Amino acid sequence: MNRRNFLRSAAAVGAAALIPALPETAFAQSTPDAATILRQLKRPPQHKIAPKARVTIEQFKRTPRLRRMAPSIDIQSINFAFGSAAIPANQRWKVEQIAIAINNILQSNRHERFLIEGHTDAVGSRASNQALSEARAASLAQVLVQYFGVPYRALDTIGYGEDYLLVPTPNAEWRNRRVTLRRVTDFVTMH
């Protein structure tokens, strides 16, 4: 992070301290249970891709059209601290719901692949949001592997920062701070 972005981030943190704390329920999100996550991820892709037309995971990550076709679910209920990628211990039960769904799918096909996308709102610099989104996606993958036995080989991560806002606004918006899970098996090569 360069000095200007660091100062911008520090100013944002300082400004955040001046905002009165809202009750936690103001931003409470319902956590999808394992059955809901499983149902969403097991849906067939919107379009079939011929095996010869499949792409590498890196190409998939850079192709919004393909990403939109993959079965997915947005998870907005994991509450990260401001500017943090750490998943607090009291949030791990939410991650457990994701793990149950992923492990269930892997029992049917051990070659399934999942992409964990990190997203932020548009507050702060693009560079810091990009880094934060990448760190949050990686943090979720680490907790899935370390605490819930999801095989590392089944997971890929990427951060999109503020590039794909659900609610287009330059202001703080909790709905934009999320992770998206995608089942990408039908789109990517297995090499």
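**Exercise 1. The setting of E112**

Determine whether E112 is buried or exposed in this predicted model, and describe its surroundings.

*Solution.*
Step 1. The relative accessibility of E112 is 10%. Buried means under 20% relative accessible area, so E112 counts as buried.
Step 2. In terms of secondary structure, E112 is found in the loop between α5 and β2.
Step 3. A polar contact of 2.3 Å joins the side chain of E112 to the side chain of T185.
Step 4. Leaving aside residues up to four places away in sequence, E112 touches I105, L106, A154, R183 and T185. T185 is thus named both as a polar partner and among the residues touched.

**Exercise 2. The overall architecture**

State how many helices and strands the chain has, and give their order along the sequence.

*Solution.*
Step 1. Six helices and four strands are present in the chain.
Step 2. Their order along the sequence is α-α-α-α-β-α-β-α-β-β.
Step 3. Of the 191 residues in the chain, 43% are buried. The accessible surface is about 10,600 Å², and carbon and sulfur atoms account for 55% of this surface.
Step 4. Among contacts with a separation of 6 or more, 81% are between residues 24 or more positions apart.

**Exercise 3. The packing of α5 and α6**

Classify the mutual orientation of α5 and α6, and identify the residues that make the contact.

*Solution.*
Step 1. The two axes, those of α5 and α6, come within 10 Å and cross at roughly 75°.
Step 2. Angles of 65 to 115 degrees count as roughly perpendicular; α5 and α6 are therefore roughly perpendicular to each other.
Step 3. On the α5 side, the contact is made by R92, V95, E96, I98, A99, I102 and N103. On the α6 side, L140, V143, L144, Y147 and F148 take part.

**Exercise 4. Salt bridges between distant parts of the chain**

Side chains of opposite charge can pair when their charged atoms come close. State how many salt bridges the structure holds. Then analyse the pairs R178 with D74, D156 with R113, and D121 with R177.

*Solution.*
Step 1. Eleven salt bridges are found in the structure.
Step 2. R178 and D74 form a salt bridge through their side chains, with an N to O distance of 3.5 Å. This pair links distant parts of the chain, since R178 belongs to strand β4 (residues 178-183) and D74 to strand β1 (residues 72-75), 104 residues apart. R178 is buried, at a relative accessible area of 7%, whereas D74 is partly exposed, at 33%.
Step 3. Between D156 and R113, the closest N and O atoms of the salt bridge are 2.6 Å apart. D156 lies in strand β3 (residues 155-159) and R113 in the loop between α5 (92-108) and β2 (114-119), so this pair ties together parts that are 43 residues apart in sequence. Both D156 and R113 are buried.
Step 4. For the salt bridge of D121 and R177, the N to O distance is 2.4 Å. D121 is in the loop between β2 and α6 (126-148), R177 is in the loop between β3 and β4, and the pair links these distant parts, 56 residues apart. With a relative accessible area of 6%, D121 is buried; R177, with 31%, is partly exposed.
Step 5. Salt bridges that share partners also join R67, E117 and R182 into one network.

Terms used
Residues numbered from 1 in each chain as written. Predicted model: local features only at pLDDT ≥ 70, side-chain atom pairs only at ≥ 80, totals over all residues. Heavy atoms only, no water. Salt bridge = Lys/Arg side-chain N within 4 Å of Asp/Glu carboxyl O. Helix = DSSP H or I, 4+ residues; strand = E, 2+ residues; numbered from the N terminus. Buried < 20%, exposed > 50% of the residue type's maximum accessible area, 1.4 Å probe, protein only. Polar contact = N/O pair within 3.5 Å; in protein donor to acceptor, adjacent residues only side chain to side chain. Contact = heavy atoms within 4.5 Å. Areas by Shrake-Rupley, 256 points an atom, 1.4 Å probe, with all protein chains shown as cover. Axes fitted to C-alpha atoms, helices over the stretch in contact; angles between N-to-C directions. Parallel < 35°, antiparallel > 145°, perpendicular 65-115°, else oblique.
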